[in-house]
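This report concerns the inner spaces and the nonpolar cores of one protein model. Please keep the sequence and the structure at hand while reading.

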Amino acid sequence: MPRFTHTRIARRCARTAVAVATLALVATGCGGTSGESSDGQGDKGMAIAFDIGGKGDQSFNDAAYAGLEKARAEFGYEGEAVEPKDGESDADKVQRLKQLAKQGYDPVVGIGFIYANATKEAAAAYPDTTFGIVDDATVKADNVAALVFNEEQGSYLAGVAAAKASKSRTVGFVGGVDIPLIHKFEAGFAQGVKDTDPSVKLVKQYLTQTPQEGGFSSPDKGKAAAEAQIEKGADVIYQAAGLSGQGVVEAAAKAKKWAIGVDSDQYRQKALSKYKRYILTSATKDVGGAVFALAKSVEDGKPLSGVQRFSLKEGGVGVTESNPEFAKIPGLKAAVDRAKKDIIAGKIKVATTP
């Protein structure tokens, strides 16, 4: 049976009351909680808590925000997006998620694996609120949806494109933080390059060992890493580094080399518009679509729960073709299209570790 929460019931009752102008319906039909209770401050809808880098990263967080914006437009509610703080602790994240639930937001989504512990604790405290977490599948609770992706599949296609576009026969990979999630990006990219042209050399660098050191939030680090790879002969560089990736794009454009974006279609990002000529493609993750899907499930009274996986087959990952140059490079588009079909058909198994 669908798990209807008190917040969701209150929301529907309020809408019914508006439609028929009968406040009595709200009084008789709404109420009943378990665990900690929300403040019930009206029809607030979804709230998201940003990952490191926050809104404006032109990547992961902005993709999630697009999902919130779509939910706002579709369902006509307020919604909320909350920025992280520098140097914050797990306790700060717990407090953030609990406060959003207490204020009546439903669902509440942590954007990034760094919210795993916070989601577990907040979900236990507010069992009548639906929680979502992106890029983590460790939290097991009836009121938690894990929104995870096959990043390695989109990265494989980026590797195919890089191998076809490279003239120097050297390509680069810049990872924000040396962690298993980003290893999936590297693994897929390296396999795509090798399967397309074994003679192409891959140089790689991770910016930091932990997120707290700024691997996802330091464009200067990304720029320095890209410049070093360009010196080593790389003429196509793929970055999976959040906000730091802007530095990679800048360095590549300055040197008139190709950059490959990540998560969002970075060719279309306004903040990167002056570099877009050199953004060959982007390996996308439809974080916005996943976030919206969770919002819709709550709105429909059938909230998603458990692991929700988004792969190439469902359009959850992929590569973009926004840059006209993508179609002009001989053999590139055809090779990417073949690889996509083979991955979906199961003929190509993409590695998740380098």
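The sections below treat the cavity, the pockets and the cores in turn.

## The model

The structure is a predicted model. Every value in this report was computed from that model.

## The enclosed cavity

How many cavities of 30 Å³ or more does the model contain? The count comes to one, and the space in this cavity is about 190 Å³. It is lined by 20 residues, and F60, I182, F216, G242 and D263 are the closest to its centre.

Three elements each give two or more residues to this lining: α3 (60-75), α7 and β9 (258-263). Among them, α7 gives the most, with three residues. By class, the lining of the cavity comprises 11 nonpolar, four polar and five charged residues.

## The largest pocket

The largest pocket holds about 340 Å³ of space. Its lining consists of 15 residues. Those nearest the centre of the pocket are I52, K85, G87, P211 and Q212.

Which classes of residue make up this lining? The residues divide into five nonpolar, five polar and five charged.

## The second largest pocket

In the second largest pocket there is about 260 Å³ of space. Sixteen residues line this pocket, and D135, D136, A137, L181 and K184 lie nearest its centre. The lining contains seven nonpolar, three polar and six charged residues.

At least two lining residues come from each of β5 (144-149), α6 (151-165) and α7 (180-196). The element that gives the most is α7, with three residues. Helix α7 thus appears in two settings: it gives the most residues to the lining of this pocket, and it also gives the most to the lining of the largest cavity.

## The nonpolar cores

The largest nonpolar core is made up of 65 residues. Within this core, the residues with the most contacts are I48, I182, F189 and Y238. Helix α6 supplies the largest share of the core, namely eight residues. Another core lies apart from this one and has 20 residues, including I114, A122, F131 and V144.

I182 links two parts of this account: it is among the core residues with the most contacts, and it is also one of the residues closest to the centre of the largest cavity.

Which residues does Y238 contact, if its neighbours within four places in sequence are left aside? They are S155, A158, G172, F173, V174, F185, F189, I260, G261, V262 and A283. One of these, F189, is itself among the residues with the most contacts inside the largest core.

Terms used
Residues numbered from 1 in each chain as written. Predicted model: local features only at pLDDT ≥ 70, side-chain atom pairs only at ≥ 80, totals over all residues. Heavy atoms only, no water. 1 Å grid on protein atoms, 1.4 Å probe; cavity = no way out; pocket = protein on both sides within 12 Å on 5 of 7 lines; lining within 4 Å. Points joined across faces, edges and corners; volume = space filled by probe spheres on them. Nonpolar A, V, L, I, M, F, W, Y, C, P; charged D, E, K, R; others polar. Helix = DSSP H or I, 4+ residues; strand = E, 2+ residues; numbered from the N terminus. Core = buried A, V, L, I, M, F, W, Y, C linked by side-chain atoms within 4.5 Å. Buried < 20%, exposed > 50% of the residue type's maximum accessible area, 1.4 Å probe, protein only. Contact = heavy atoms within 4.5 Å.
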